[in-house]
Amino acid sequence: KPKPLAKPAHPRTLIARRSLTKRTIGKKSPRKVDITIIGLGLVIAIIFGSSNIQNLFKASILSLNQKNAIVTSAKARLGISYQLGGQGPSSYDCSGFTSAVMKEALGITLPRTSRDQYSVGQNIAFANLGVGDLVFFKTSGGDNISHVGIITSISSNDVKMTHANSYTGKVQEEDIKNSTYWQKTYYGAREITNATKDIVAPAIPDTTKPADPVVETKPDEYNSY
């Protein structure tokens with residue numbers, strides 16, 4: 001004689017077997033909900049954060065008018081005499097020249113020496129140079145920065161800087177891309193931005209740093225600041 005079919009378990013019994021209650025049926029795990037909220041928050045933060053960073057970066061880049069102001073200020077000084085220690089208006093050394101140009105064009109106070117000016121702005125590769133960028137050279141026979149100029153013209157054929165030239169004794173513009181001398185002595189470049197604040201070179205020398213070795217300069221080399 002066949003056995004009677006077993007009655008299906010009551011839903012409440014099934015719930016009990018799974019250690020659940022009606023209250024938890026159909027609800028997501030609280031941990032999963034928390035993880036979802038945290039992940040969504042991180043995504044929003046990244047989006048807004050990167051957007052703000054990009055906006056700040058864009059705002060810091062010099063405008064075309066600002067770059068043109070640098071070029072105009074630099075070229076207005078063409079032909080003025082070179083003099084070691086000169087800060088204008090009748091004579092300049094290399095860093096005195098760049099300081100005067102940036103002060104007039106952008107209202108930025110640069111440190112006094114070419115070596116200290118290399119700490120201003122942000123590093124930029126030679127291939128990415130633009131007008132208004134500062135270019136630095138080691139022209140005194142050692143490894144230290146001893147000369148600085150301003151890029152004032154760029155084309156497919158040349159890259160020109162305007163600088164106070166101690167060799168010719170005046171402020172002049174010359175090509176550094178096709179010059180063996182300038183390529184050999186090139187040290188690096190810095191892009192000045194709107195994020196650059198007024199910077200003044202320390203009045204008291206930093207005695208914690210070792211003194212630079214004295215290098216005898218040759219007659220045809222620059223004795224620049």
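This passage describes two helices, a buried glutamine, a strand hairpin and the salt bridges of a predicted model.

Helix 3 spans residues 64-75. Its 12 residues reach 16 Å from first C-alpha to last, close to the 16 Å expected at 1.5 Å a residue. Its buried residues are K67, I70, V71, S73 and A74. Viewed down the axis of helix 3, these residues fall within an arc of 165°, so they line one face of the helix. An α-helix has 3.6 residues a turn, so residues three or four places apart point the same way. The face of helix 3 turned away from the buried side carries the exposed residues L64, N65 and T72. Several elements cover the buried residues of helix 3, including helix 4 (94-106) and strand 5 (147-154). Strand 6 (159-165) and strand 8 (186-191) are also among them.

Helix 4 has 13 residues. From its first C-alpha to its last it reaches 18 Å, close to the 18 Å expected at 1.5 Å a residue. The buried residues in helix 4 include C94, S95, G96, F97 and T98. S99, A100, V101 and M102 are buried as well. Just after helix 4, G107 takes a positive phi of about 75°.

Q117 is found in helix 5 (residues 114-117). Its relative accessible area is 0%, so Q117 counts as buried. Leaving aside residues up to four places away in sequence, Q117 touches S95, T98 and S99 of helix 4. Its other contacts by that count are L110, P111, R112, L134, F136 and V148. Two polar interactions of the Q117 side chain stand out in the listing below. The side chains of Q117 and T98 are joined by a polar contact of 2.8 Å. A polar atom of the Q117 side chain also lies 3.0 Å from the backbone oxygen of P111. Q117 and R190 are 73 residues apart in sequence, yet their C-alpha atoms are 8.7 Å apart in space.

Strand 6 and strand 7 (residues 170-175) run antiparallel and are joined by six bridges. A164 has V171 in strand 7 as its bridge partner. The two strands form a hairpin with four residues between them. In the turn, G169 has a positive phi of about 80°.

The salt bridges come to three. One joins the side chains of K75 and E173, at 3.7 Å from N to O. K75 lies in helix 3 and E173 in strand 7, so this pair ties together parts that are 98 residues apart in sequence. K75 is partly exposed, at 33% relative accessibility. E173 is also partly exposed, at 26%.

Another salt bridge joins the side chains of R77 and E104, at 3.1 Å from N to O. R77 sits in the loop between helix 3 and strand 1 (81-82), and E104 in helix 4, so the pair ties together parts that are 27 residues apart in sequence. The two partners differ in exposure: R77 is buried at 11% relative accessibility, whereas E104 is exposed with a relative accessible area of 53%.

R112 forms a salt bridge with D93, with the closest N and O atoms 2.9 Å apart. This pair links distant parts of the chain, 19 residues apart. R112 is in the loop between helix 4 and helix 5, and D93 in the loop between strand 2 (91-92) and helix 4. D93 is buried, with a relative accessible area of 0%. R112 is also among the residues that Q117 touches.

Conventions
Residues are numbered from 1 along each chain as its sequence is written. This is a predicted model: local features need pLDDT of at least 70, side-chain atom pairs count only at pLDDT 80 or more; totals for chains, interfaces and linings use all residues. Side-chain values use heavy atoms; hydrogens and water are left out. The expected span of a helix is 1.5 Å times one less than its number of residues. Buried means under 20% relative accessible area, exposed over 50%, partly exposed in between (1.4 Å probe, protein chains only). The arc is that of the directions from the helix axis to the C-beta atoms. Contact means heavy atoms within 4.5 Å. A polar contact is a pair of N or O atoms within 3.5 Å; within protein, one must be able to donate a hydrogen and the other to accept it, and residues adjacent in sequence count only if both atoms are side-chain atoms. Two strands pair if DSSP finds at least two bridges between them. A salt bridge is a side-chain nitrogen of Lys or Arg within 4 Å of a carboxyl oxygen of Asp or Glu.
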